[in-house]
Amino acid sequence: MGAITVAGLGGTAWADSAAAEVELVPVGASPVVVLPGAGVQPAAFPRQLAVQVQHAGADLPAGTEVAVTYDPRLYSPLPAAVATVGDRRLRTTSAITTDARTTLVTCTVTLTETVAAGGDPVVVVGTAYPVLYPRDLVVGPADATAAVGRENVKPSGRRSLQPRRPSTFGGAATPWGLEVSGVWSRYEWANGKRWYYYPAQVTLQSVGPGPVPEAVSFSVALDPQVVRDVRVTTARLNHKAHDAGVRLLSHTLTASLFETRWSTRVKLKSGDRLDLGLEVRTRRPTSDLRTIKHPLVGLIGMGNHITQRRTGRNSMSRTDSVGE
């Protein structure tokens with residue numbers, strides 16, 4: 001699953017004829033963007049597997065069953081399903097089964113107490129979880145659905161819990177992603193008893209399948225007690241020298257932070273690798289460092305792209321410097 005946005009509630013789902021007085025209403029207002037693959041629309045899925053059972057005209061008797069079916073590639077079930085009315089938790093039992101043919105999972109929640117008319121319980125069985133590259137492209141994701149049965153009538157006539165698809169998700173597109181890695185150098189002082197790590201090379205790798213839509217930019221945040229200057233001195237695209245158009249956008253210098261921000265004019269295609277060599281000038285601390293700003297290199301200015309893949313590697317850092 002890719003980026004996450006916030007939108008309105010999904011539409012109403014109506015229960016089957018076995019529970020004609022019951023209305024199922026999806027719960028949750030933050031659709032998750034699911035990236036199915038190249039050349040298709042990013043799909044909208046509920047963030048939370050939850051449904052409200054509205055039954056204004058009749059009690060819900062003990063034995064009422066609410067079944068929610070979902071794609072296990074997208075959702076993680078709660079240790080135990082939860083049903084509440086207001087701030088009160090209802091007594092329930094739950095069971096999870098997997099369809100051997102479709103691999104879809106169904107969590108069936110059974111109310112073991114009667115719920116009076118007008119007390120509309122909310123049943124929650126699981127939540128969406130982020131999937132990182134390379135498993136983040138979920139091909140053919142199955143809709144989440146719910147159904148209700150009463151008085152030992154098994155749930156049937158499933159209705160979709162899918163939210164409305166926000167227009168901001170856009171049309172057919174191809175996902176893209178970036179990974180940040182690099183090479184660290186170690187500066188030592190106090191006869192090797194103190195040291196600090198700083199980046200000597202920053203590598204930006206496009207994992208595709210589509211091209212990166214913008215020229216890549218990044219920031220380098222270091223400790224000014226140890227570092228006095230940073231320059232980008234070399235650029236190689238796919239292991240060949242390249243004029244990447246690297247430019248210093250800005251720098252910030254305080255007592256505890258020295259940060260530089262850099263832009264390039266390189267738009268990486270799928271599989272492209274951009275290696276940037278850094279020259280870092282250091283200074284020798286005159287005393288122990290009571291605090292250390294650990295080095296951090298990260299992407300900047302890439303926008304809030306719905307189709308950006310979650311690589312889990314949008315930055316790199318070290319936390320093992322020793323200053324005292």
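These legends go with close-up views of a predicted model.

**View 1. Thr145 and what sits around it.**
Start with Thr145, a residue of strand E12, which covers residues 145-149. Is Thr145 buried or exposed? Its relative accessibility comes out at 15%, and since the cut-off for buried is under 20%, Thr145 counts as buried. Leaving out residues up to four places away in sequence, Thr145 touches two stretches of the chain: Ala67, Val68 and Thr69, and also Arg158, Arg159, Ser160 and Leu161. Thr69 is also the bridge partner of Thr145.

**View 2. The open sheet that holds E12.**
Pull back a bit and E12 turns up in an open sheet of five strands, in the order E9-E10-E6-E12-E13, with antiparallel pairing. Which strands stand at the edges? They are E9 (92-98) and E13 (159-160); each has a single partner strand, so one side of each has no neighbour in the sheet. Further in, E6 (residues 65-70) and E12 run antiparallel to each other and share five bridges. The Thr69 and Thr145 pair from the previous view is a bridge between these strands.

**View 3. Strand E11 and its two partners.**
Here the focus moves to E11, residues 122-128, a mostly covered strand with six of its seven residues buried. One partner is E5 (residues 48-54), joined to E11 by five bridges in an antiparallel arrangement. Look for Gln48, whose bridge partner in E11 is Thr127. Another partner is E7 (residues 75-85), also antiparallel to E11, this time over six bridges. For a landmark on that side, Thr84 has Val122 of E11 as its bridge partner.

**View 4. The largest nonpolar core.**
This core has 34 residues, and the ones touching the most other members are Leu178, Leu204, Val227, Val230, Leu268, Leu274 and Leu278. Several strands give two or more residues to the core, including E14 (178-189), E15 (194-206), E21 (273-282) and E22 (296-300). Which strand supplies the largest share? That would be E17, with five residues. In soluble globular proteins, nonpolar side chains tend to be buried together.

**View 5. A closer look at Val230, then the other core.**
Not counting neighbours within four places in sequence, Val230 is in contact with Leu222, Phe258, Thr260, Trp262, Leu278, Glu279 and Val280. Of these contacts, Leu278 is listed with Val230 among the core residues that touch the most other members. Apart from this core lies another one, made of 31 residues, among them Val32, Val53, Leu74 and Val125.

Technical notes: Residues are numbered from 1 along each chain as its sequence is written. This is a predicted model: local features need pLDDT of at least 70, side-chain atom pairs count only at pLDDT 80 or more; totals for chains, interfaces and linings use all residues. Side-chain values use heavy atoms; hydrogens and water are left out. Helices (H or I, at least four residues) and strands (E, at least two) are DSSP runs, numbered from the N terminus. Buried means under 20% relative accessible area, exposed over 50%, partly exposed in between (1.4 Å probe, protein chains only). Contact means heavy atoms within 4.5 Å. Two strands pair if DSSP finds at least two bridges between them. A nonpolar core is a set of buried Ala, Val, Leu, Ile, Met, Phe, Trp, Tyr and Cys residues joined through side-chain atoms within 4.5 Å.
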